[in-house]
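This report describes a sheet, a helix that lies across part of it, and a pocket. Please keep the sequence and the structure in view while reading.

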Amino acid sequence: MKKSKIYLGMLAMAALFSSCEKEDTVTQEPAESSSLKETKLSKETLDDIAKLHFNKENVEVIDFLLPDGSSKESLLIEGDILMDPAQLSKMSTENISSKQYRTYNLVSSPRTINVIGFTANSGQGLTSKQRSALQRAINNYNALNIGLNFTLTFGTNYQPYDIVVYQNSNGEAGGVAGFPSNGNPYKYVQIFSGMEGYSTATNEHVLTHEVGHSVGLRHTDWFSRQSCGQSGESASPDGAVHIPNTPTGYDANSVMLACFSANEDGNFGYYDEVALNYLY
C-alpha cells in the first residue's frame, strides 16, 4: 500500500533529516517598507538562499510563535527551517566538500545540551503523547554515545535551557526548527498540534528530525525532495556539505527526509547514525 506523504512542517527542517507542509511561492521583489514581511524577500535575499541550495521558491516570512505566546518575524525555508536574515548572511558557501548533509553551522562539542519539554497549561504545552515522543527522541541521540549528551526535563521555566520543545496549536502535522549559531543549538523546536492524531512513533520521528536541524543537519533529500513526491532539480552542493561514508543519492531510511509518512518508526536510519558519529 502506498504511504501518504506529509510535510514535516508548515513551518521548518534541513540535511540529515527534515519535513514540510506549505509550499507557498515567493518570487517578486517587494515594495519599500519597514516590515520584514515586505522588505526581506528581496531578490538579493532569495539569491542568498539559493546559493546555500535551499529552495528559493519555497520561502515565506512568518510570525514564529514562541513558548510565551509572543512571536517574532522569521524566514521559513523549505517548509520547516527557520532562519533570520542575519543568520542567513553568516552561512558560508566557501570550502564546500562535495552529500547525508550538514550545514557549516554546528554545535560546539563535546558538550551537554539541556532540553526542556514545555508543559504550560496553554496551547504551547506538550501533550502526554508529545512528552513521551520527546523522551524517545532524546533517547535516540543519547544512544549514539557521541560528543553531544542530552538531558531532558519538563516544566515551564525554559529560558535557562539550550532547547525548548513546545506545541504550536495550529492543527497541522509536522514541526519546525532552525540551525545552530555561535556553537549553540537552535533554541526553539515546535511540534504541531495535528500530530496528536498520529502514533507516538511518528511524533518521535518528527521531534528527532527537528532536533536534528537544531544541531546542524539538513534534509537528506534537499537535492530532490523525493520524499515529498517531487523529482527535484539538478543541484550544486552549495551550502550542503557531504558527510563522508554516507550516500550521495536518495536514502529512503533517513529520519532527515524532507517529508514523512504516517507510519514512521521514529528511529534513525543506519546512515543517520554514521553521519552523527562523524560530526560529533
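In this predicted model, eight strands form an open sheet with mixed pairing, in the order β2-β3-β4-β9-β10-β8-β6-β7. Strands β2 (59–65) and β7 (148–155) are the edges, each pairing on one side only. From one strand to the next, the twist averages 30°.

At the β7 edge, the partner is β6 (residues 111–118), and the two strands pair in the parallel sense over eight bridges. One residue pair can be named here: N114 has T151 in β7 as its bridge partner.

Helix α4 (residues 128–142) lies across four strands, namely β6, β7, β8 (163–168) and β10 (188–192). The helix runs at about 165° to β7.

The next topic is empty space. Rolling a probe the size of a water molecule over the atoms shows where such space is left. The largest pocket holds about 430 Å³ of space. Its lining has 23 residues, and the closest to the pocket centre are F179, P180, S181, N182 and Y186. The elements that give two or more residues to this lining are β3 (71–77), β4 (81–83) and α3 (85–90). The largest share, three residues, comes from α3.

The table divides the lining of the largest pocket by residue class.

| Class | Residues in the lining |
|---|---|
| Nonpolar | eleven residues |
| Polar | seven residues |
| Charged | five residues |

Definitions and conventions. Residues are numbered from 1 along each chain as its sequence is written. This is a predicted model: local features need pLDDT of at least 70, side-chain atom pairs count only at pLDDT 80 or more; totals for chains, interfaces and linings use all residues. Side-chain values use heavy atoms; hydrogens and water are left out. Two strands pair if DSSP finds at least two bridges between them. Axes are lines fitted to C-alpha atoms, for helices over the stretch in contact, and angles run from 0 to 180 degrees between N-to-C directions. Contact means heavy atoms within 4.5 Å. On a 1 Å grid over the protein atoms alone, a cavity is a set of points where a 1.4 Å probe fits but cannot get out, and a pocket is an open set with protein on both sides within 12 Å along at least five of seven lines; lining residues have an atom within 4 Å of a point. Grid points are joined across faces, edges and corners, and a volume is the space filled by probe spheres set on the points. Ala, Val, Leu, Ile, Met, Phe, Trp, Tyr, Cys and Pro count as nonpolar, Asp, Glu, Lys and Arg as charged, and the others, Gly among them, as polar.
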